[in-house]
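Subject: A structure for you to look at

Hi,

Here is the structure I promised to pass on to you. Please open it, turn it around a few times, and then read on.

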Amino acid sequence: MSHLCIHMRLPTDLRDNQTRRQHWAQTGKARREYRKLAHAETLAAWDGDAWLKGRISFKFLWPDRRRRDTLNYVGAMKSAIDGIVDSGVLPDDDWKHLSVG
């Protein structure tokens, strides 16, 4: 079984609560930039073999011990998943090709 590990900073401007307060154009720009970053990081870590199926998991590391609502960051990961698919590792991010866990 192959593994692909990508390390990225959390997109603070794409948290669920944050996007509700932003103009749609600002949120769209942040999503595109994070998607491009995920695409570039995937290409840098990938060996070139395409997968038919994959499982993705997220590990959030916090700089301090403050209490946080992790689910606010899970929605922001959609842009990262799209960037991974854009790189060609997986054919799509639907239920047939990708599971989360």
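Below is what turned up in it, going from the whole chain down to a few side chains.

Please keep in mind from the start that this is a predicted model.

Let's begin with the overall build. The protein has 4 helices and 2 strands. If you follow the chain from the N terminus, the elements come in the order α-α-β-α-α-β. See if you can trace that order on your screen.

Next, the dimensions. Along its principal axes, the C-alpha trace spans about 40 × 35 × 25 Å. The radius of gyration is 14 Å, and a compact globule with 101 residues would have one near 13 Å, so the protein agrees with that expectation.

How much of the protein is buried? Of the 101 residues, 29% are buried. The accessible surface comes to about 7,700 Å², and carbon and sulfur atoms account for 51% of that surface.

You can also ask how far apart in the sequence the touching residues are. Taking the contacts with a separation of 6 or more, 72% are between residues 24 or more positions apart.

Then there are the charges. The protein carries 18 positive and 13 negative charges, and the mean positions of the two groups are 8 Å apart.

Now for the part I would zoom in on: the aromatic rings. How many aromatic pairs does a search of the whole structure find? The search gives 2. In one of them, F58 and F60 are stacked, with 6.3 Å from centre to centre and 20 degrees between the planes. F60 also forms a stacked pair with W62, at 5.9 Å centre to centre and 15 degrees between the planes. Together, these ring pairs link F58, F60 and W62 into a cluster.

Are these three residues buried or exposed? F60 has a relative accessibility of 16%, and because the cut-off for buried is under 20%, F60 counts as buried. F58 has a relative accessible area of 28%, so this residue is partly exposed. W62 is partly exposed as well, with a relative accessible area of 27%.

A nice way to start would be to select F58, F60 and W62, show their side chains, and look at the cluster that their ring pairs form.

Enjoy exploring!

Best wishes

Technical notes. Residues are numbered from 1 along each chain as its sequence is written. This is a predicted model: local features need pLDDT of at least 70, side-chain atom pairs count only at pLDDT 80 or more; totals for chains, interfaces and linings use all residues. Side-chain values use heavy atoms; hydrogens and water are left out. Rings of Phe, Tyr and Trp (its six-membered ring) pair if their centres lie within 6.5 Å; planes under 30 degrees apart count as stacked, over 60 as edge-to-face and the rest as tilted. Buried means under 20% relative accessible area, exposed over 50%, partly exposed in between (1.4 Å probe, protein chains only). The radius of gyration is taken over C-alpha atoms; the globule rule is 2.2 Å times the number of residues to the power 0.38. Contact means heavy atoms within 4.5 Å. Accessible areas come from the Shrake-Rupley method with a 1.4 Å probe; for residues, only the protein chains shown count as cover. Lys and Arg count as positive and Asp and Glu as negative; His and the chain ends are not counted. The place of a charge is taken as NZ of Lys, CZ of Arg, CG of Asp or CD of Glu.
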